[in-house]
Amino acid sequence: MSTSPKIRIRGLKKRFGSKQVLNGVDLDVGIGESLVIIGGSGSGKSVLLKCILGLITPDEGSIQIDGEETTGLSGRERERVMRKFGMLFQGGALFDSLKVWENVAFGLIQGRGTAKAEARLVALEKLAQVGLTEAVAELSPAELSGGMQKRVALARAIATEPEIIFFDEPTTGLDPIMADVINDLIAASVKELGATAMSITHDMASARKIADHIAMIYEGRIIWHGAVAEIDNSGNDHVDQFINGRAEGPIQMQVTRP
Amino acid sequence: MLTLLRTIGAGFLGFLAGTGRLVMFAATAISHCFRPPFYFRLIGRQMLDIGYYSLPVVGMTTLFSGMVLALQSYSGFARFSAEGAIATVVVLSMTRELAPVLAGLMVAGRVGAAMAAEIGTMRVTEQIDALTTLSTNPFKYLVVPRIMAGTLMLPLLVLTGDIIGVFGGYVVAVYKLGFNPGTYIKSTVEYLEFIDVASGLVKAAVFGFLISLMGCYHGYNSRGGAQGVGAATTNAVVSASILLLIFNYIITELFFAR
């Protein structure tokens, strides 16, 4: 990569109790790149995202956003960096005490101090972008189906027009058609914003659709990183086993046999 | 023997670490109480919820406490012909002890539990993480309004409880025990001093702070789904109730032990 990366991670380590979840992660994400991180359950994907967001403090290592070291930032400095981010949470994480449009407008009203009426218009526009009507905007999140909740969460993640968007398993728990709809929406909205995207998933169809680059994390390290077109010829047994979904191979799931 | 010592030691260290975490949490929360931005609408909503909607519970509790106090002290004091003192006994017991403690315990059950459950659910569904990614400090948005409202509203509730409790005593004394209304009211106010009411209100403020602090703390640190939220709720109520009784003694000692 010739340009300096948007996100640069070096030697990132994090342990919980006796479990070393991240064991020296090195990763670069270029400006405007869409990177998908694949890996099995418990391989540290979510922890990696949360470290970058500052929700979890890493034990060791460096995370740079636009060349600025962000580990150890707190208070207002952290909030300033957080403004660059948008995040789509796995379960949606919509605020159930607020209406749909208030959820979407939240980052604008609370984070940026936009006037309510103006923020509502932006929220309606973003909702329309993900295919939801004004009638939905007045509902509460609990009244929506899973697919609709994901769309609202996507609208919320892009409402502040962030430079970097994270997607945490965006298609988990959706039927294949709705998953494809969400994938299309993600690809379209990332392209429209020109944002840098980082997604974690174990859904290969989703990964192929939204990624420029794919990185595979295994036992707390990045074991393969390449363009999406190269994934089928990665020459890495772990990657091959994962993308083909085989139980037999170098990755051993810890299953107790009867 | 060594195992026993080790268990005691581990328990003690765990207790110290927990106390430290709680004190850090409280200090962070208090420091955020004095730094903008302030969410006045949320503080107002919490004040309504804690103050206004607790009125029936606190009213019923103090009414019947005042009534039973008059009845009990009458039947007891009659043994040494000191029936004339019951108005004083009722008003002093209510303002100094019963109204703050009973109102505190009722509010701990009603409000502390609700806080722990709501914040705990937000924690396990990643809504608290979502707040952070939307550039909103969860302490300011969730914890500060509750702690401020709890600390401000409990004294008002207790003041109302004082009046209702004294009224309960009056009703029993006048309509059941045949006291003269004028004499009863006169002896109610005769020996009442400002410090009796003031100490009760100081207690109430401290209790309000403790109840909302424990509700927020246990909710904020809840882990592991529905069961974790359930445990957080129980811990919030139990720890708030016990702390409340401990601080009740300490404050009484500070005010009246000469």
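Biologist: What share of the 258 residues of chain B counts as buried?
Modeller: This is a predicted model, and a residue of it is called buried if 20 or more other C-beta atoms lie within 10 Å of its own. Applied to the 258 residues of chain B, that criterion gives a buried share of 45%.

Biologist: How many helices and strands does chain B have?
Modeller: Read along its sequence, chain B follows the pattern α-α-α-α-α-α-α-α-α. The count for chain B is therefore, with helices taken as runs of at least four residues and strands of at least two, nine helices and zero strands.

Biologist: Which strands stand at the edges of the sheet in chain A?
Modeller: The sheet of chain A is open, with six strands in the order 6-7-8-3-9-10 and mixed pairing. One side of each edge strand is left without a neighbour in the sheet, because each has a single partner strand, and these two are strand 6 (85-88) and strand 10 (221-227) of chain A.

Biologist: Which residue of strand 8 of chain A stands opposite A:Val36?
Modeller: Strand 3 (residues 34-38) and strand 8 (residues 196-201) of chain A run parallel and are joined by five bridges. Within strand 8 of chain A, the residue opposite A:Val36 is A:Ser199.

Biologist: What angle does the direction of helix 6 of chain A make with that of strand 6 of chain A?
Modeller: Helix 6 (residues 146-159) of chain A packs on the sheet, where it touches strand 6 and strand 7 (164-168) of chain A. Between the directions of helix 6 and strand 6 of chain A, the angle is about 175 degrees.

Terms used. Residues numbered from 1 in each chain as written. Chains lettered and ligands numbered in written order. Predicted model: local features only at pLDDT ≥ 70, side-chain atom pairs only at ≥ 80, totals over all residues. Buried ≥ 20, exposed ≤ 12 C-beta atoms within 10 Å, placed from the backbone. Pairing = 2+ DSSP bridges. Contact = placed C-beta atoms within 7 Å. Axes fitted to C-alpha atoms, helices over the stretch in contact; angles between N-to-C directions.
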